Amino acid sequence: MSFLNMFGKEKERPTAATADDRLSLVLSYQRSDIDERKLKQFQARLIDLCDEFGYDVVGQVEIRPQSRPRDNTTILNASIPVRLRVNTDNEESADL
């Protein structure tokens, strides 16, 4: 077992868990009534809004639609890693 640890095998995520995540993502897209192009536009606008409110997007933006068949609705779960932008002196003087 320590031999596998040496090459980082134990740190890798099991392929079955990765396959489950991918399958659930594909199924969530297929079950929702949202066009994938509109979802991409929505994602781009969220990134623009983060910029407008002074946040830098520092990672991968992920939006997952989840359908709720009992009331025929779709829930959008968004994960947006952001960092508050630090204003430089030039930007602050431009705002005045």
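What follows is a conversation between a colleague and a modeller about reading one predicted model.

Colleague: Let's start with the overall layout. How many helices and strands does the chain have, and what pattern do they follow along the sequence?

Modeller: Keep in mind that this model is predicted. The chain holds 4 helices and 4 strands. Along the sequence they are arranged as α-α-α-β-β-β-β-α.

Colleague: What share of the residues is buried?

Modeller: A residue counts as buried when its relative accessible area is under 20%. By that cut-off, 9% of the 96 residues in the chain are buried. The chain exposes about 8,300 Å², and 51% of that comes from carbon and sulfur atoms.

Colleague: And what do the contacts say about residues far apart in sequence?

Modeller: Take the contacts between residues at least 6 apart in sequence: 49% of these join residues at least 24 apart. For a separation across the chain, look at Q66 and D33, which lie 33 residues apart, with their C-alpha atoms 10.0 Å from one another.

Colleague: Now a helix. How should I read α3, and what is its span from first C-alpha to last?

Modeller: One way is to set the span beside the expected value. Helix α3 covers residues 36–52, 17 residues in total, and reaches 24 Å, close to the 24 Å expected at 1.5 Å a residue. Just after α3 comes G54, with a positive phi near 85°.

Colleague: Which residues of α3 are buried, and which are exposed on the other side?

Modeller: The buried ones are L39, L46 and C50. Looking down the axis of α3, you find its buried residues within an arc of 40°, so they line one face of the helix. The other side carries exposed residues, among them R37, K38, R45 and E52.

Colleague: Turning to the strands, how do β2 and β3 run, and how many bridges join them?

Modeller: For a pair of strands, check the direction and then the partners. Strand β2 (residues 62–68) and strand β3 (residues 73–79) run antiparallel and are joined by 7 bridges. As for partners, E62 is bridged to S79 in β3, and I63 stands opposite A78.

Colleague: What links the two strands, and where does N72 sit?

Modeller: β2 and β3 make a hairpin, with 4 residues between them. N72 is in the loop between these strands. Its phi is near 55°, a positive value in a residue other than glycine. N72 is also exposed, with a relative accessible area of 66%.

Colleague: What is a general idea for reading side chains along a strand?

Modeller: In a regular strand, side chains alternate between the two faces of the sheet. For a case here, try Q66, which belongs to strand β2. Q66 is partly exposed, its relative accessible area being 39%.

Colleague: Which residues does Q66 contact, leaving aside its neighbours within four places in sequence?

Modeller: With those neighbours left out, Q66 touches T73, T74, I75 and N77. With N77 there is a polar contact between the two side chains, at 2.9 Å.

Notes: Residues numbered from 1 in each chain as written. Predicted model: local features only at pLDDT ≥ 70, side-chain atom pairs only at ≥ 80, totals over all residues. Heavy atoms only, no water. Pairing = 2+ DSSP bridges. Buried < 20%, exposed > 50% of the residue type's maximum accessible area, 1.4 Å probe, protein only. Contact = heavy atoms within 4.5 Å. Areas by Shrake-Rupley, 256 points an atom, 1.4 Å probe, with all protein chains shown as cover. Expected span 1.5 Å × (residues − 1). Arc of directions from axis to C-beta. Polar contact = N/O pair within 3.5 Å; in protein donor to acceptor, adjacent residues only side chain to side chain.
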